[in-house]
Amino acid sequence: VEYKVTVPVTGSISDFVGRIPVFTREMLLFLAGSVVVAVSDSLLVMIAGRTLQGLGGGAMLPVSMALVADVVPRQRRAAALGIVAAVDTFGWVLGPVWGAAINSAFDSWRAIFWLNVPLGIAAAGLLYTSKPQITSRRLSSRPSLSSAFVGMIALVAFCLALSSGSEGSLGAEQGAAQLGGSTNPLADYRIPILALSLVAFVGFIVLDRRAAIPILPRALIGSRVFQIAGGANVLVGAALITAMVNAPLAVALLVDEDDVSRDSALLLGSLTIAMTIGALIGGRAVDRFQPRLTAGVGLLIGAAGFGAMRWWPDEFLLTQMSMTIAVAGLGLGIVIAPIGEVAIRAAQTEDYGAASGLVLLARLLGMTVGLSAITAYGLARLDLKVSQLPEISPNPGESTAQYFARQQEYFNSQVVPFTLDIIRETFVIAALICIVAIVVVSRMRARLYHG
């Protein structure tokens with residue numbers, strides 16, 4: 001949640017105070033969070049440290065994108081954005097591997113967070129001493145941060161409401177129980193939390209409109225180009241989260257418990273490595289084929305990959321499953337740079353940070369909304385299927401152990417296949433989302449220079 005909050009705010013603030021100061025300060029905040037986690041002796045302290053890490057880490061990608069837009073000539077900007085996206089995506093794979101290696105080498109998980117400190121200081125120092133030449137920056141003006149604070153409340157409440165609501169929607173509690181799940185403790189409060197989000201969002205709009213210097217540029221928000229890019233990124237996020245969540249769930253149903261982590265990592269590694277390659281390809285292709293065509297091809301590849309995932313077997317076949325999810329990841333990776341380039345083209349030079357942060361926020365919100373919707377759909381479908389099964393009752397003379405064993409056998413023979421079918425259905429939905437996104441991005445070229 002804190003990452004979603006920080007992304008748009010820091011992107012916008014960097015338009016006023018400069019990229020390097022914002023990046024450096026947020027890096028220091030991330031490092032402070034790392035130290036807090038490293039010395040934590042309770043869950044509460046650890047959560048506080050991770051929150052600081054999220055608040056600091058949320059600045060890095062949007063500020064990096066805006067910095068690229070500042071210093072890279074327009075004809076090479078999309079390729080540079082593709083490199084930034086590729087590095088960010090590859091970090092999804094490298095992070096767990098790095099953490100496991102450090103934990104093994106030092107026999108302490110705390111070493112992972114301690115090593116962030118010298119690495120982070122070195123990275124911030126290199127960026128600060130590079131002194132990139134940025135010619136346009138509103139360093140003499142400052143926006144009112146009251147609207148930003150209210151907007152952050154709206155985002156936090158919205159994400160909490162969606163993340164806590166799917167378990168209880170559409171009568172899905174029984175399905176969740178069948179899968180061994182538990183209800184989110186905030187589920188009973190999701191309506192009040194959602195109402196708080198709505199009130200805070202309205203308050204944000206009112207405050208930002210009245211501000212002499214709004215935190216979000218009005219011309220950018222009203223740009224049709226930017227709206228199309230944001231809408232496309234929402235759909236990309238919804239499709240992406242389907243693969244990231246439901247692929248490991250399928251693995252958990254198909255392999256032994258001891259092998260779930262390893263096999264899930266292999267499957268998601270295929271997705272993210274393919275996305276990394278796709279991001280590089282998409283960045284290079286924009287200059288030759290323009291954003292609309294590049295994004296459309298990427299989404300078509302993504303739809304084909306998700307369509308192929310519909311045919312995942314009822315057993316764990318790593319090669320087949322990795323190849324299909326990699327196709328989906330390749331397509332989604334190709335889309336990243338074209339959408340980022342279009343969003344930045346829609347902005348004035350002094351608004352590059354806001355454009356970068358908001359288009360990233362669109363993808364993150366798409367992931368949040370997509371996760372909530374697909375979870376609600378899956379649990380509701382499972383609940384419907386399970387409710388149609390005959391109830392299991394103890395047989396005369398059957399021991400409790402025998403009854404439980406028969407229940408487990410029944411679960412494996414009935415509920416697991418049901419769940420796998422539903423997971424495959426969500427992949428079809430993700431393919432359809434990609435097709436809808438093709439329609440959205442098809443409008444990018446026609447409106448690209450007309451706002």
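Here is a short chat about two helices and a surface patch in a predicted model.

User: What makes α5 roughly antiparallel to α13?

Analyst: The axes of α5 (residues 74-106) and α13 (residues 260-309) cross at roughly 175° and come within 7 Å. Angles run from 0 to 180 degrees between N-to-C directions, and those over 145 count as roughly antiparallel, so α5 earns that label against α13.

User: Which classes of residue make the contact of α5 with α13?

Analyst: There are 13 nonpolar, seven polar and three charged residues. Contact means heavy atoms within 4.5 Å; Ala-79 of α5 and Leu-280 of α13 are among the residues involved. Ala and Leu count as nonpolar, Arg as charged and Gly as polar.

User: What makes up the nonpolar surface patch?

Analyst: Phe-90, Leu-94, Val-97, Trp-98, Leu-119, Ile-273, Ile-277 and Ile-281 make a patch of about 720 Å². Patch residues have over 30% relative accessible area and no salt bridge, with nonpolar side chains joined within 5 Å. Helix α5 gives the most, with four residues.

User: How are residues numbered?

Analyst: From 1 along each chain as its sequence is written. Local features need pLDDT of at least 70 in this predicted model.

Notes. Predicted model: local features only at pLDDT ≥ 70, side-chain atom pairs only at ≥ 80, totals over all residues. Heavy atoms only, no water. Helix = DSSP H or I, 4+ residues; strand = E, 2+ residues; numbered from the N terminus. Parallel < 35°, antiparallel > 145°, perpendicular 65-115°, else oblique. Patch = residues over 30% accessible without salt bridge, like charges linked within 9 Å, V, L, I, M, F, W, Y side chains within 5 Å. Areas by Shrake-Rupley, 256 points an atom, 1.4 Å probe, with all protein chains shown as cover. Salt bridge = Lys/Arg side-chain N within 4 Å of Asp/Glu carboxyl O.
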